[in-house]
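Trainee: I have a model open here and would like to go through it with you. Could we start with a single residue and work outwards?

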Amino acid sequence: MRAEVGRVNILVVDDRPEQLLSLEAVLAPLGENVVKAASGREALRSLLQEEFAVILLDINMPEIDGFETATLIRKRRSTVHTPIIFLTAHTDRVYVERSYSLGAVDYIMTPFAPEVLRTKVSVFVDLFKKTQKIRLQAESLRAHAEQLQRLNRAALTINSAMSLDAMVAAITEAARDVGGAHHAMTLVKLEKPGERARTAVSLSERYATFQQEAPPPIAGRLCAYVCGRNRPLRMTQSELSQHPEWLDDLGQRPPPRGYLAVPLTASDGQNIGTIQLSDRHEGEFSDDDETVLVQLAQLASIAIQNCVHAEAREANRLKDEFLATLSHELRSPLNAILGWTHLLRSEPFDEQRVSHGLEVIERNVAAQTKLIEDLLDVSRVATGKLRISAAPMALAPVVEIAIDAIRPAAEAKGLTIDVSLDPVIEVNGDVDRLQQVVSNLTSNALKFTRPGDHILVSLRRAGAYAELTVRDTGEGIAPDFLPFVFERFRQADSTSRRTHAGLGIGLSLVRHIVEAHSGSVIAESPGLQKGSTFVVRLPLLGVERSSLAASPKEARSRSLMSSEAASDLGGLHVLLVEDDADARELLQEVLSQHHAEVTAVASASEALAAFCVALPHVLVSDIAMPGEDGYELIRTIRQRPPHAGGDLPALALTAYARKEDQKRALEAGFHMHATKPIEPAALVAAVASLAARARAGELTCVRERGAGDELNP
């Protein structure tokens, strides 16, 4: 601990200019600040402004003499103990006694020996310096003790955090408090697939306006530098001024009063992030500040790892619960499908009963398809492969489509959906993914809202953001579950007695999709039985567009019209390759009902044999088959010359639904990729589209560019 004392002040008081110059010359070798005063009043003014180690005071002065000046000095609390040395030519004993009665430490007769005066003054200068040093050390110890107390309080707060995000926020607040800084930032990066980095920023009141206008920047290059070197970095204001690129990172010009960063380190020594402070309240960051911040970083690193391990254990528990829930959610629709299939096959029902049974089967197939799609999305998120195809779009039509889809279920439950949408809001987004967000939020509200209540969906402009709000008057969210509402596989009630179905992944997907659009989503609830509110914020499109592209609803309407127009496959010969007998029979029946001539085979070898009999107009092939799979089949066909079917339009119809599966199918030679299960209308439309594009000569160009289509049933 260092407590340095610089040059101290010596006050010389005399009404004779030549005497002041003489005393200044005598004291100059001491290397201290000599302050000169030509009168008692001037001396008193100097004492109000500065602190002095010793005062050299003449007695005979006009207006206020030396004795009166000393009396006034002794009446002030701050100068009552300041050493006074009287300098005078008077030898009268009365003068000497009065001098000492006023608290003088010495009485020197003039003329005097310069060495003697310097020696006596130096004694009081050294004493003053030692006193100051002890005082500075005491203040430093007091400040350090207060920092340690804050550190202890911070440790309790950090370790009591209920989630990693809350912990990072607590670390940041504690760092700014302990370091006495205006600006603090924490970054935690966990090298796990699908695990997002956590950041938190804490600002003082001085930065309040800055915080409202825009979020403070994350010091990218500085942060990378500290993480790379994995040891503390402390810089003064002058050192920062030599690195303008770092000032840009900090978003501060002129340079702040210092910068201090310490790494967060795992138990194996690997860097897992950093804590950064900038712009100290007073002065620049010290050794003590660095020591305390390093201690905080050590505590924080341990707490973060404990939290991660606890979350991993909790994730394993949730995974076990999820697998049990998944088994239930998948088997329930299968039970309905299988049961009604047996009933329809074995019992003679009237037309109305048959229609009802088919409706039940269709509804459960759709529910199971939705579960599988959600599971695939979770897998994409976990592996960091969730893809967003963003383009300028109007947001209101997307919300309308999602609400229209859920409105029948709401009406069946006796719920009212109130909608308030700003029709001119544009964002840069993925239509299908944002529709998924709205659908998941409204489905969640529908699930937890009591019959007779209502759901409010609103879309409005909020500054530079589009703000989508879904508010319900349902069961609400318990305060202890609120921080985990967007966590994967989390459900407030995951027991076998739960009243609501679901896998607990819908809201997790909402968060990931919204964040992939550079947006944010929050959940609010006053408590159980008090309803809940979900607010999605998405950045508005930077450039306003006077005319919007066709809305998703209009585009979908045009698609349906073209599908209806192309529903007649008369005159088309379709080669169908599917190894599963039931699936092959179903697909053949669908295509035949639309007047297509269908050759249905069970393997790639049978498909190639069918080529020798008659060339088809369109190929529809499964991928996973025994022996040769669909990839090998299409590659073999593409090796044939065009007149022998080498440019045959081809649709890959498969249960492999990932983006990379689509890419692999298109690269192998298919023109279109569709996932099972597929709606009959979608299959017919795809076959008709391939045939029409082949006649127009478009497919060859598509294949040469290495592009293709994905059909989303």
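Mentor: Let us begin with Phe 481, which in this predicted model sits in the loop between β15 (465-472) and α15.

Trainee: Is Phe 481 buried or exposed?

Mentor: Phe 481 counts as buried because its relative accessible area is 14%, and the cut-off for buried is under 20%.

Trainee: How many residues along the chain separate Phe 481 and Met 162?

Mentor: They are 319 residues apart along the chain, although their C-alpha atoms are separated by 9.9 Å.

Trainee: And α15, how many of its residues are buried?

Mentor: Helix α15, residues 506-516, is mostly covered, with eight of its 11 residues buried; among them are Arg 511 and His 512, along with Leu 507, Leu 509 and Ile 513.

Trainee: What comes just after α15?

Mentor: Just after that helix, Ser 518 takes a positive phi of about 65 degrees.

Trainee: Switching helices, how far does α21 reach?

Mentor: Helix α21, residues 680-695, has 16 residues and reaches 23 Å from its first C-alpha to its last, which is close to the 22 Å expected at 1.5 Å a residue. Its buried residues include Ala 682, Leu 683, Val 687, Leu 690 and Arg 693.

Trainee: What about the whole protein, how many helices and strands?

Mentor: The secondary structure comes to 22 helices and 23 strands, and buried residues make up 45% of the 713 residues. Of the contacts between residues at least 6 apart in sequence, 68% join residues at least 24 apart.

Trainee: Which share of the accessible surface belongs to carbon and sulfur atoms?

Mentor: That share is 53% of an accessible surface of about 36,300 Å².

Note on methods
Residues are numbered from 1 along each chain as its sequence is written. This is a predicted model: local features need pLDDT of at least 70, side-chain atom pairs count only at pLDDT 80 or more; totals for chains, interfaces and linings use all residues. Side-chain values use heavy atoms; hydrogens and water are left out. Helices (H or I, at least four residues) and strands (E, at least two) are DSSP runs, numbered from the N terminus. Buried means under 20% relative accessible area, exposed over 50%, partly exposed in between (1.4 Å probe, protein chains only). Contact means heavy atoms within 4.5 Å. Accessible areas come from the Shrake-Rupley method with a 1.4 Å probe; for residues, only the protein chains shown count as cover. The expected span of a helix is 1.5 Å times one less than its number of residues.
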